[in-house]
Amino acid sequence: MAERLRVHRNQLRILSARCLHAREEEAKRIAHLLHDEAGQITAAGHLALEEIGRQLPASGRDRLKQLKTLLGEVEERLRQLSHELRPTVLDDLGLDPAIEFLAAGFSARARVPIAIKGSTGGRLDPLIETAMYRIVHEALTNAIRHARARRVRIQIRRGRGRLCCSIRDDGVGFDCDRLLSGPGRKGGLGLLGIRERLDALGGRLQIRSSPGHGTELQVAVPLRRRQ
Ligand SMILES: Nc1ncnc2c1ncn2[C@@H]1O[C@H](COP(=O)(O)OP(=O)(O)O)[C@@H](O)[C@H]1O
Ligand SMILES: [Mg+2]
């Protein structure tokens, strides 16, 4: 019985890892589409507007300028979206620069200082890099959205065949036992998603939080070298 349970659990883990992989591939595909195709269309839009501008009397050029600004904003938003879906810096440079980039964006938008301590010590298995990136993204989203934090600290450490990461905020905190396992369980998909990603990699999540005392997520993943 225990053996069958173990086998089933293993199968579930494999299935979950495959689903996550498929999701990432899909995100990559949409990110490229958004970046390349939508980018080409907006670039063509800019050219067309230039052309119209040359034929317009001076009085009509102000409206055209507004249109150009709007098109520029759409372009920038599409670029951001494609980047959030699949940050190329993660593929090209790895987790440390990607987390720095992510934290800088959150920090600027929310006006909350985010300190990063430690490092991953080099490139890792892409599955681990992607999972960690998504986890830190969710933790920062929660710290800004729910915690109303005044500051956030990310700590990354590699040791004893594991990658450990802690994301701590000084915000309102929450009763995680009640939220995650109580009878009226009403946790959102974010923390659940973090657990799923970690399960697929044989990793662990610990949440320390209590109302009024901030929140810390501690994540540990067994390491495999980049293949
Ligand atoms: N850093 C945090 N500070 C305060 N509350 C949090 C924090 N992270 C999560 N929570 C609480 O846990 C709940 C579940 O979070 P999550 O699973 O990420 O779902 P969602 O963000 O979609 O609500 C949140 O709605 C919030 O009440
Ligand atoms: Mg969330």
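## Asn-142 in helix H5

Asn-142 is buried, with a relative accessible area of 18%. That value counts as buried because the cut-off is under 20%. The model is a predicted one. Asn-142 sits in helix H5, which spans residues 126-145. Setting aside residues up to four places away in sequence, Asn-142 touches Ala-147 and Leu-191.

Asn-142 also meets both ligands. An N or O atom of the Asn-142 side chain is 2.8 Å from an oxygen atom of ligand 1. The OD1 atom of Asn-142 helps coordinate the magnesium ion, ligand 2.

## The magnesium ion

Which residues coordinate the magnesium ion? They are Glu-138, through OE, and Asn-142, through OD1. The distances run from 2.0 to 2.2 Å.

How far apart are Glu-138 and Asn-142 along helix H5? They are four residues apart, so about one helical turn separates them.

## The shell around ligand 1

Ligand 1 has 13 residues around it. Glu-138, Asn-142, His-146, Asp-169 and Leu-191 come nearest. Leu-191 is also one of the residues that Asn-142 touches.

Two helices, H5 (126-145) and H7 (189-201), each supply at least two residues of this shell. Which element gives the largest share? Helix H7 does, with three residues. By class, the shell holds five nonpolar, six polar and two charged residues.

## Polar contacts of ligand 1

Ligand 1 uses oxygen and nitrogen atoms here. One oxygen atom of ligand 1 is 2.9 Å from an N or O atom in the side chain of Glu-138. For the Asn-142 side chain, the distance from an N or O atom to an oxygen atom of ligand 1 is 2.8 Å. With Asp-169, a nitrogen atom of ligand 1 takes part. That nitrogen is 2.9 Å from an N or O atom of the Asp-169 side chain.

How much of ligand 1 does the protein bury? Taken alone, ligand 1 exposes 530 Å², and the protein buries 81% of that.

## Asp-170 and its loop

Asp-170 lies in the loop between strand S3 and helix H6. S3 covers residues 162-169, and H6 covers 176-181. Is Asp-170 buried, partly exposed or exposed? Asp-170 is partly exposed, with a relative accessible area of 28%. The partly exposed class lies between 20% and 50%, so 28% falls within that class.

Leaving out neighbours within four places in sequence, Asp-170 contacts Ala-149, Arg-150, Arg-151 and Gly-214. Its side chain reaches two backbone nitrogens, as follows. A polar atom of the Asp-170 side chain lies 2.7 Å from the backbone nitrogen of Arg-150. The backbone nitrogen of Arg-151 is reached at 3.1 Å. Asp-170 and Arg-151 are 19 residues apart along the chain, while their C-alpha atoms are separated by 6.2 Å.

## Two arginines with positive phi

Arg-111 has a phi near 55°, a positive value in a residue other than glycine. Where is Arg-111? Arg-111 lies in the loop between H4 and strand S1 (114-118). Arg-111 is exposed, at 75% relative accessible area. Exposed means over 50%, so Arg-111 meets the cut-off.

Arg-160 also has a positive phi, of about 45°, although it is not a glycine. The loop that holds Arg-160 runs between strand S2 (152-159) and strand S3 (162-169). Arg-160 is exposed, with a relative accessible area of 82%.

## Thr-69 and Ala-104

Thr-69 lies in helix H2, residues 61-85. At 47% relative accessibility, Thr-69 counts as partly exposed. What separates Thr-69 from Ser-16 in space? Their C-alpha atoms are 44 Å apart, and the two residues are 53 residues apart along the chain.

Ala-104 belongs to helix H4, residues 95-110. Ala-104 is partly exposed too, at 45% relative accessibility. Ala-104 and Ala-115 are eleven residues apart in sequence. From C-alpha to C-alpha, the distance between Ala-104 and Ala-115 is 9.6 Å.

Technical notes:
Residues numbered from 1 in each chain as written. Chains lettered and ligands numbered in written order. Predicted model: local features only at pLDDT ≥ 70, side-chain atom pairs only at ≥ 80, totals over all residues. Heavy atoms only, no water. Near = heavy atom within 4 Å. Polar contact = N/O pair within 3.5 Å; in protein donor to acceptor, adjacent residues only side chain to side chain. Areas by Shrake-Rupley, 256 points an atom, 1.4 Å probe, with all protein chains shown as cover. Nonpolar A, V, L, I, M, F, W, Y, C, P; charged D, E, K, R; others polar. Donors = N, O, S within 2.8 Å, 3.2 Å for Na, K, Ca; no water. Buried < 20%, exposed > 50% of the residue type's maximum accessible area, 1.4 Å probe, protein only. Contact = heavy atoms within 4.5 Å.
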